[in-house]
Amino acid sequence: IGGGLSGLYAARMLHEHLPPSNQRGGLYEGVLVLEAAQRLGGRVRSVEGLAPYAVEAGAEFVHGAAHSLLRRQLQLAGVATVERPWPDYYFFSAAGGGGGDDVPRGRMIDREEAQEVVAIQRCHAMMAELVAADGDVGAAADDERDRSVAQELRRRGGGDAATMGLAEACYANDFGCSLRQLGLREARAEAARWVYGEEYLVPQQPLSSLVAHLARGLRTLLGWEARSVRLLLPAAAASGGDGGADARGGDEEGQEEEEEEAAAAVVEVVSADGRVVRAEYVVVAVPLTTLQRGFLSFSPPLSGAKRAALRRVRVGNALKLIVSFTARFWAPSFFDAVCVGTLFPELWVTERAAAPSAECSADTRAPAHGGVASMTFFVAGEAASAIAQQKEADLLRGALAQLDELFPPSSALNVLGRRPADLYAAHLLVNWEDERFAFAGYSHPSLEAAGAREHLAAPHAAGRVHFAGEATHPGVNPCMQAAMETGMRAAMQILQRTVPAAKL
């Protein structure tokens with residue numbers, strides 16, 4: 001259930017390891033993907049029409065080159081990647097706060113100059129020490145309450161405007177939340193379990209190529225909005241009745257009998273419009289917000305530990321404003337800027353030499369006529385939800401004004417010597433909080449949530465229902481490779497029950 005990267009990778013593994021799919025009469029035997037939207041990919045969505053190449057409305061980068069399932073699948077899909085520096089440039093607004101006495105304001109600071117800016121280096125050093133403190137992976141005494149990263153920074157003497165401002169723009173925004181929402185224990189767990197390296201890799205073809213690669217050969221049903229997942233005991237499954245796995249008493253003999261029946265049970269999935277699918281196993285790979293909002297019900301009910309975990313792990317919003325221009329005004333050396341005291345804390349350029357993949361389906365909301373190059377503005381968490389209250393025209397006006405501040409005609413980074421706002425061609429605003437079936441961006445290290453993700457990942461309904469998705473990753477990793485790793489985990493859990501070990 002769910003055709004994002006986690007669901008597609010789980011389906012891909014099961015499809016490749018189980019007997020070939022076939023049709024018998026009115027019954028389909030094999031792996032089936034049920035997707036509520038009218039497209040696959042989930043929070044991966046490539047958009048055409050804004051520039052000569054497809055741009056990414058959702059997930060975009062590969063974080064780390066080592067041990068990356070994502071990078072391997074991109075290679076198989078024929079998608080090359082290019083490493084870019086991050087952060088590439090820093091910018092402290094002349095009008096905004098968040099700087100120290102030594103911080104150059106109102107102009108770009110490149111990586112080399114940033115090495116000499118005490119406030120920048122102090123922020124990076126404090127954040128590195130904070131998440132690596134005592135080698136802690138997130139555990140703490142049961143009687144010790146978790147703290148936010150904002151609280152811990154202040155406790156360590158980092159509550160000044162320079163440290164807090166840059167930490168918000170560079171770290172919290174990347175995590176998808178604010179510093180006050182960023183849980184210390186889970187942030188330490190993420191740092192301790194990160195094994196992928198620090199490379200920042202930019203795919204040179206649209207990520208829709210990856211989605212098409214994972215979906216190739218799979219049977220998928222689009223517009224299939226699952227609403228309930230129910231374990232049926234053999235008698236109910238045979239009769240088509242509504243007897244469920246929770247229909248018996250709780251004595252010991254009855255429990256043993258119930259477990260025997262559960263081993264031969266099937267799982268029934270019902271859609272919002274009454275369609276029914278019955279399966280031996282189900283992988284629930286929907287966004288965490290879908291479960292948190294109760295759009296999918298379960299029988300038997302989810303365990304108390306899983307319901308508590310759903311309350312503890314938080315998901316932040318993500319908002320992208322992608323703007324195209326009639327000419328590329330920025331220097332070829334520019335890729336990304338982290339901005340303090342501005343409307344958008346981060347922006348980057350997207351430039352691809354390759355034409356869009358033939359399998360890249362255009363988003364119908366993309367502008368009909370774009371420019372020759374594009375730039376993406378990004379904000380996450382509480383800040384994203386706050387600025388989303390503004391009118392779209394005001395957000396665009398603010399983004400262009402920010403560009404005029406970063407790239408004045410006199411700047412060496414402005415190769416045309418013209419105001420960026422005068423080169424505007426088209427734009428696309430994507431607020432993931434408004435996206436149906438997603439309702440937000442991605443999960444972030446959350447307060448009082450240490451250990452919760454293991455409960456989110458735990459199988460349900462006598463091992464017939466499994467869970468995948470980035471929020472279920474024990475490494476507190478919200479990236480694309482984590483989503484795929486959880487799909488692999490769910491598939492392996494099923495295969496270990498159905499395929500002899502010698503064949504795995």
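# Exercises on a predicted model

The second largest pocket is lined by 35 residues, and nearest its centre lie Gly 30, Val 31, Arg 278, Ala 279 and Glu 280. The model is predicted. Work through each task with the structure open.

## Exercise 1: the second largest pocket

Task: Find how much space lies in the second largest pocket, and which helices and strands help line it.

Solution.
- Step 1. Start with the volume. The second largest pocket holds about 1100 Å³ of space.
- Step 2. Look for the helices. Helix H1 (5-17) and helix H16 (480-498) each give at least two residues to the lining of this pocket.
- Step 3. Add the strands. Strand S1 (22-24), strand S2 (27-29), S3, strand S13 (266-271), strand S14 (276-279) and strand S15 (282-284) also supply at least two residues each.
- Step 4. Sort the lining by class. The pocket has 23 nonpolar, eight polar and four charged lining residues.

## Exercise 2: two strands of the pocket lining

Task: Describe how S13 and S14 pair, and what joins them.

Solution.
- Step 1. Check the direction. S13 and S14 are antiparallel and share four bridges.
- Step 2. Pick one bridge. Val 269 has Val 277 in S14 as its partner.
- Step 3. Follow the chain between the strands. S13 and S14 make a hairpin, with four residues between them.
- Step 4. Inspect the turn. Gly 274 has a positive phi there, about 90°.

## Exercise 3: the seven-stranded sheet

Task: Give the strand order of the open sheet of seven strands, then place helix H6 against it.

Solution.
- Step 1. Read across the sheet. The order is S9-S8-S19-S20-S21-S18-S22, and the pairing is mixed.
- Step 2. Name the edges. Strand S9 (108-110) and strand S22 (424-431) each pair on one side only.
- Step 3. Note the twist. From one strand to the next, the twist averages 20°.
- Step 4. Go inside the sheet. S19 (residues 336-340) and S20 (residues 346-350) pair in the antiparallel sense over three bridges. Ala 337 stands opposite Leu 347 in S20.
- Step 5. Add the helix. H6 (residues 161-175) lies across S8, S19, S20 and S21. The helix runs at about 135° to S19.

## Exercise 4: the largest cavity

Task: State the volume of the largest cavity and describe its lining.

Solution.
- Step 1. Count first. There is one cavity of 30 Å³ or more.
- Step 2. Take the volume. The largest cavity has about 130 Å³.
- Step 3. List the lining. It comprises 16 residues, with Val 286, Leu 288, Leu 291, Ala 468 and Thr 472 nearest the centre of the cavity.
- Step 4. Find the helices. H11 (288-292) and H12 (304-312) each provide at least two lining residues.
- Step 5. Sort by class. Eleven residues are nonpolar, two are polar and three are charged.

## Exercise 5: a salt bridge across the sequence

Task: Explain why the pair Arg 43 and Glu 470 ties together parts that are apart in sequence.

Solution.
- Step 1. Confirm the contact. Arg 43 and Glu 470 form a salt bridge through their side chains, at 3.3 Å from N to O.
- Step 2. Locate both ends. Arg 43 sits in the loop between S3 and S4, and Glu 470 in the loop between S24 and H16, so the pair links parts 427 residues apart in sequence.
- Step 3. Set the pair in context. The whole structure has 22 salt bridges.

## Exercise 6: backbone details

Task: Where do Pro 87, Pro 300 and Phe 437 lie?

Solution.
- Step 1. Pro 87 is in the loop between S7 and S8. The Trp 86 to Pro 87 peptide bond is cis, with omega near -10°.
- Step 2. Pro 300 is in the loop between S16 and H12. Ser 299 and Pro 300 are joined by a cis peptide bond, with omega about 0°.
- Step 3. Phe 437 is in the loop between S22 and S23. Phi of Phe 437 is positive, near 80°.

Conventions
Residues numbered from 1 in each chain as written. Predicted model: local features only at pLDDT ≥ 70, side-chain atom pairs only at ≥ 80, totals over all residues. Heavy atoms only, no water. Pairing = 2+ DSSP bridges. Axes fitted to C-alpha atoms, helices over the stretch in contact; angles between N-to-C directions. Contact = heavy atoms within 4.5 Å. 1 Å grid on protein atoms, 1.4 Å probe; cavity = no way out; pocket = protein on both sides within 12 Å on 5 of 7 lines; lining within 4 Å. Points joined across faces, edges and corners; volume = space filled by probe spheres on them. Nonpolar A, V, L, I, M, F, W, Y, C, P; charged D, E, K, R; others polar. Salt bridge = Lys/Arg side-chain N within 4 Å of Asp/Glu carboxyl O.
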